[in-house]
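Grab a coffee and open the viewer next to the sequence. Below are some short exercises, each followed by a worked solution.

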Amino acid sequence: MKRYFSSLLILCLLLSVFASCTADDGSDVPTDTESAASETETETETETEEVFVPDFYIVEDGVSDYVIVHGENAAELELKAASELQSYIKQISGAELPIVSDTAERTEKELVVGVTNRESEGQFDRAELNGDGFVIKSEENTIWLVGGEERGTLYAAYTFLEEHLGCRFYTPTFEVIPENEDIGVLICEDKQIPVFEHRYANWNDIVAASIQGNDIQYKLKQTMTSVHAGHTLPRFSEDGINDPCLSSEDVFHAVVADVHTQMAKDPNQTYIGYGQADLGTETVCDCDACVASIAQYGYSGHYLRFINRVAEEIADDYPDLRIVTFSYAFTEEPPKGGVVCADNVSIQLCTLSLCMHHPYEDFVYGPGWFLPEGSTFLDTFEGWDAVCDYLTFYDYSTNFSCYNSMVPNFYAAPKNYRFFAENGVKG
C-alpha cells in the first residue's frame, strides 16, 4: 500500500510540473510568476546598463576631419608617437588621419603631439613632467598629448590608445585592437608622472622578446624602462664560473675596457651593470688580498670597493653614466668599514631571500641565509640607504623555474611598492 501511494504521489508531481511548464503544442512557456520576474530583470538590466556617450568624435562612420600635428623640430619619439596614433586609429576605424608639422596652417580639429607652436606659453609644465611624465588633455576639437623630454610623449600616445580608445597590449606578440567606425572621447585632463624613474619586468614574454630583439617596442607600450645589472664581471678562471680576483690590476683594467666597449656600442646608454656570479661564496676569489678585504669590509664592501674604483675611473669620460651592481645573496648584507657608493654607482637590492606573500617591512631573516638570523629587512634596507643615494630593487615576482607559475604576492606587492616610493627608491 505504501509503495502504491508513493508511486501515485510521484506521478501527480510529474504531471503537475509537466502541466505548468508545457503548452498544448509542447513548447515551453513561462508561468505568470516567471514572466513577471523575467520582465523585472530585463527592466533592471536596461536601467543599470551604462552607455558611453562621448563629448565629441575623432572619427564618425569611418571618416575623420582631424589631423595629427607634431613640432617642426620634433624629437624621434614624438614622431614615433604621431605615427603610432595614425596606425592604431586606422586599425580601429579605417580612417587614416594625416600627419602634419606645426608649420602647416592651423585647422579646426587637431590631435597635437609633443612640443608644438599650438600651445600657449606656460600651458604645460614640462619641468614637472620630468622625462617620462605626460598630460592627456581633450577639449572640444583639440586633443593634446604632451610629455616630458625623454619618453613622455610616446607614453602619452600609448596610454591614450589604451585607456581612452580601448587598445590592449598584452604581450609583445598579442594585442587586441577594437573595431569601430566611430571613435568618441570625453573631455578630460589626465596627468601621469611616474613615481619610479626606472620600471622593468622580467617576465616570460619579455625575456623571449629580448632574445628575439623586439622587446623595446613592448616596453614602451607598457611605460617601462630598464636599469637591470645585466651582466656579470668578466671571467678569467679556466672553468668560466668563478668571479675574478678583484684585487688584480689586470681585472680592473679589463672591466674599465669593457665599459668603453659597451659605450662604443651604444653611446646613449646611461647604465651599465656588473654583478657577482649567480652562485654562493664558493665562487669568490680566495687569494690573500681578497680574503683580507672581505674580512675588513664584508663581501658587499669587497665588491663595492672594486665597482667604485671602476666608476671613478670612467666618470670623466661618461659623466651621465652609472655603474650598477647587485646586493644579492652573499652581498645582501650592507658593507662594513665605512665603504659607501661613489656618486655614479647604483645598488640594485635583490629580494631573493624575502617572502613574497608578506610585506617586506615585516620580514625577519631565519636560519640558513647569508644575513644574521633574527635581523630584519628594514635593517638591511636602512644599511644600504645610508651608503647609497641611488637604490633600485630587483623584486622577485617571477618564478624562474616555471615562468607561468603563480607568485603569491598579489596583496603584498602594493604595500612593498608604497614602501619603496616613500623611501626614495628609484626603480
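Helices and strands here are DSSP runs, with at least four residues for a helix and at least two for a strand, numbered from the N terminus. One thing to keep in mind throughout: this is a predicted model.

**Exercise 1. Find N344 and work out what surrounds it.**

Solution.
- Start with the location: N344 sits in the loop between β13 (322–327) and β14 (345–350).
- Next, check exposure. The cut-off for buried is under 20% relative accessible area. N344 comes in at 13%, so it counts as buried.
- Now list the neighbours, skipping residues up to four places away in sequence: N344 touches A311, E312, I314, A315, L321, R322 and I323.
- Zoom in on A311: its backbone oxygen is reached by the side chain of N344 at 2.8 Å.
- Finally, try a pair further along the chain. N344 and D389 are 45 residues apart in sequence, and their C-alpha atoms are 9.4 Å apart in space.

**Exercise 2. Which residues of α11 are buried, and how are they arranged around the helix?**

Solution.
- Pick out the buried ones first: in α11 (residues 412–422) they are A412, A413, N416, F419 and F420.
- Look down the axis of α11. The buried residues fall within an arc of 125°, so they line one face of the helix.
- The spacing rule helps here: an α-helix has 3.6 residues a turn, so residues three or four places apart point the same way.
- Then ask what lies over that set. The cover for the buried residues of α11 includes α10 (377–385) and β15 (391–394).
- Step past the end of the helix: α11 is followed by G424, which has a positive phi, near 75°.

**Exercise 3. Check the length of α3 against what a helix should span.**

Solution.
- Count the residues: α3 (residues 76–93) has 18.
- Work out the expectation. The expected span is 1.5 Å times one less than the number of residues, and for α3 that should be 26 Å.
- Compare with the model: the end C-alpha atoms of α3 are 26 Å apart, which agrees.
- While you're there, note the buried residues of α3, which are E78, A81, A82, E84, L85, Q86, Y88, I89, I92 and S93.
- After α3 comes G94, with a positive phi near 90°.

**Exercise 4. Place T225, then follow its contacts to a salt bridge.**

Solution.
- T225 is in the loop between α7 (216–221) and β11 (231–232).
- Its relative accessible area is 8%, so T225 is buried.
- Leaving out residues up to four places away in sequence, T225 touches D132, R151, Y155, E197, H198, R199 and Y200.
- Two names on that list belong together: the side chains of R199 and D132 meet in a salt bridge, at 3.0 Å from N to O.
- This pair links distant parts of the chain, 67 residues apart: R199 lies in the loop between β10 (188–192) and α6 (204–212), and D132 in the loop between α4 (126–129) and β5 (134–139).
- Both R199 and D132 are buried.

**Exercise 5. How many salt bridges does a search of the whole structure find, and how exposed are the partners in two of them?**

Solution.
- The search turns up eleven salt bridges.
- Take K109 and D65, whose side chains meet at 3.9 Å, N to O. They are 44 residues apart, with K109 in the loop between β3 (99–101) and β4 (110–113) and D65 in the loop between β1 (56–59) and β2 (67–70).
- K109 is partly exposed at 24% relative accessibility, while D65 is exposed at 57%.
- Now take R106 and E110, which form a salt bridge at 4.0 Å, N to O. R106 is partly exposed at 47%, but E110 is buried at 2%.

**Exercise 6. Which way do the residues of β4 point, and which strands pair with β4?**

Solution.
- Sort the side chains: E110 and V112 point one way from β4, L111 and V113 point the other way, and all are buried.
- β2 and β4 pair in the parallel sense over four bridges. Across this pairing, I68 stands opposite L111 in β4.
- β4 also runs parallel to β6 (residues 142–147), joined by four bridges. There, L111 stands opposite I143 in β6.

How values were computed. Residues numbered from 1 in each chain as written. Predicted model: local features only at pLDDT ≥ 70, side-chain atom pairs only at ≥ 80, totals over all residues. Heavy atoms only, no water. Buried < 20%, exposed > 50% of the residue type's maximum accessible area, 1.4 Å probe, protein only. Arc of directions from axis to C-beta. Contact = heavy atoms within 4.5 Å. Polar contact = N/O pair within 3.5 Å; in protein donor to acceptor, adjacent residues only side chain to side chain. Pairing = 2+ DSSP bridges.
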